[in-house]
Amino acid sequence: MATVLLRSLHNLESLGEPTAKWNIPLNDGNHVIEFEHGTATGRRLVTIDGKEVIHRDWMFHLIGDEVFTFNDNKFVIRIDPIPGLKYSYTLWVNGKSYKNFVQTQSKILETWLANVGNEEYRIVLDKQTQNVWVNGEQVETENDFTDDGAEILFSVGDLPAAIRTYSSGKRNIGITFSLYIDEVEIDKETLLKEDQEA
């Protein structure tokens with residue numbers, strides 16, 4: 001009887017949306033972390049981009065941390081009780097809260113989305129290392145100096161691309177980065193919207 005009850009609870013918990021979901025900007029692109037927490041059975045399921053990384057059934061401790069690594073980053077999903085037999089879920093990345101991590105990444109990474117032909121490309125520049133990723137793959141680049149700054153040259157599809165860097169002339173802004181594909185400037189992607197909550 002108890003086994004049947006637990007199975008039916010497990011089946012009910014398996015039917016919904018994820019309990020928590022986060023969009024994580026990393027060098028090789030954005031990754032979606034989804035967490036399912038069965039509050040009746042203690043079931044815990046963590047997926048990254050739809051691929052299962054943690055699956056635990058029938059846990060007796062409903063609170064606590066789930067720790068895992070992905071792309072050399074340490075993730076902790078913290079489960080805490082809140083009044084009314086409910087739970088709060090917070091994500092920590094490399095020791096930083098989700099919001100602080102995304103804010104830090106927005107300072108380190110420059111990101112652009114571009115449509116070339118029928119293909120969509122996501123181009124990411126790591127400002128610290130000057131490495132460039134196109135659709136999650138690091139690409140070969142050449143660096144060149146110009147009269148007013150520098151260029152990082154590479155290809156997107158079959159087209160020439162350049163990330164041009166130059167001083168903004170303003171101390172609080174510093175160096176600015178612009179992407180050009182076949183001499184057409186591409187708009188940047190925003191990592192964290194003003195109204196997005198952690």
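Let's start with one pair of residues: D144 stands opposite E151 in strand β14. Keep in mind that you are looking at a predicted model.

**A sheet built from hairpins**

D144's neighbourhood is a good way into the sheet. Strand β13 covers residues 142-146 and strand β14 covers residues 149-156; the two run antiparallel and are joined by 5 bridges. To get from β13 to β14, the chain makes a hairpin through 2 residues.

Then comes another hairpin. β14 and β15 have 2 residues between them, and G157 in that turn has a positive phi of about 65°. Strand β15 spans residues 159-167 and pairs with β14 in the antiparallel sense over 8 bridges. If you want a pair to find on screen, look for F154, which stands opposite A161 in β15.

Next along is β16, joined to β15 by 7 bridges, again with the strands running antiparallel. Here R164 has S178 in β16 as its bridge partner.

Now zoom out. What is the order of the strands in this open sheet? The 5 strands go β13-β14-β15-β16-β17, with antiparallel pairing. β13 and β17 are the edge strands, since each pairs on one side only. Neighbouring strands in this sheet are turned by 30° against each other on average, if you ignore direction. As a bit of background, side chains in a regular strand alternate between the two faces of the sheet.

**Two loop residues with positive phi**

G157 is a glycine, but positive phi values also turn up in two residues that aren't. N94 is one of them, with a phi of about 50°. N94 sits in the loop between β7 (86-93) and β8 (96-97). The other is E183, whose phi is near 65°. You'll find E183 in the loop between β16 (175-181) and β17 (184-186), so this residue belongs to the connection between two strands of the sheet described above.

Buried or exposed: what about E183? With a relative accessible area of 59%, E183 is exposed, because the cut-off for that word is over 50%. N94, at 38%, is partly exposed.

**A buried charged-looking pair of letters: R44 and E66**

R44 is found in strand β3 (residues 44-48), while E66 has its place in strand β5 (residues 64-70). R44 counts as buried because its relative accessibility is 2%, and buried means under 20%. E66 counts as buried too, at 2% relative accessibility.

What does the side chain of R44 reach at 3.1 Å? The answer is the backbone oxygen of I63. R44 also makes a polar contact with E66, side chain to side chain. Here are the two contacts together:

| From | To | Distance |
|---|---|---|
| R44 side chain | I63 backbone oxygen | 3.1 Å |
| R44 side chain | E66 side chain | 3.0 Å |

**A helix with a buried face**

Last stop: helix α2, residues 98-108. Its buried residues are Y98, F101, V102, Q105 and I108. Why do they line one face of the helix? Looking down the axis of α2, you see the buried residues fall within an arc of 120°, so they line one face.

And what do the buried residues of α2 pack against? Their partners are β1 (20-26), β7, β8, β9 (109-116) and β10 (119-126). Two of those names should ring a bell: β7 and β8 are the strands on either side of the loop that holds N94.

Methods: Residues are numbered from 1 along each chain as its sequence is written. This is a predicted model: local features need pLDDT of at least 70, side-chain atom pairs count only at pLDDT 80 or more; totals for chains, interfaces and linings use all residues. Side-chain values use heavy atoms; hydrogens and water are left out. Two strands pair if DSSP finds at least two bridges between them. Helices (H or I, at least four residues) and strands (E, at least two) are DSSP runs, numbered from the N terminus. Buried means under 20% relative accessible area, exposed over 50%, partly exposed in between (1.4 Å probe, protein chains only). A polar contact is a pair of N or O atoms within 3.5 Å; within protein, one must be able to donate a hydrogen and the other to accept it, and residues adjacent in sequence count only if both atoms are side-chain atoms. The arc is that of the directions from the helix axis to the C-beta atoms. Contact means heavy atoms within 4.5 Å. Axes are lines fitted to C-alpha atoms, for helices over the stretch in contact, and angles run from 0 to 180 degrees between N-to-C directions.
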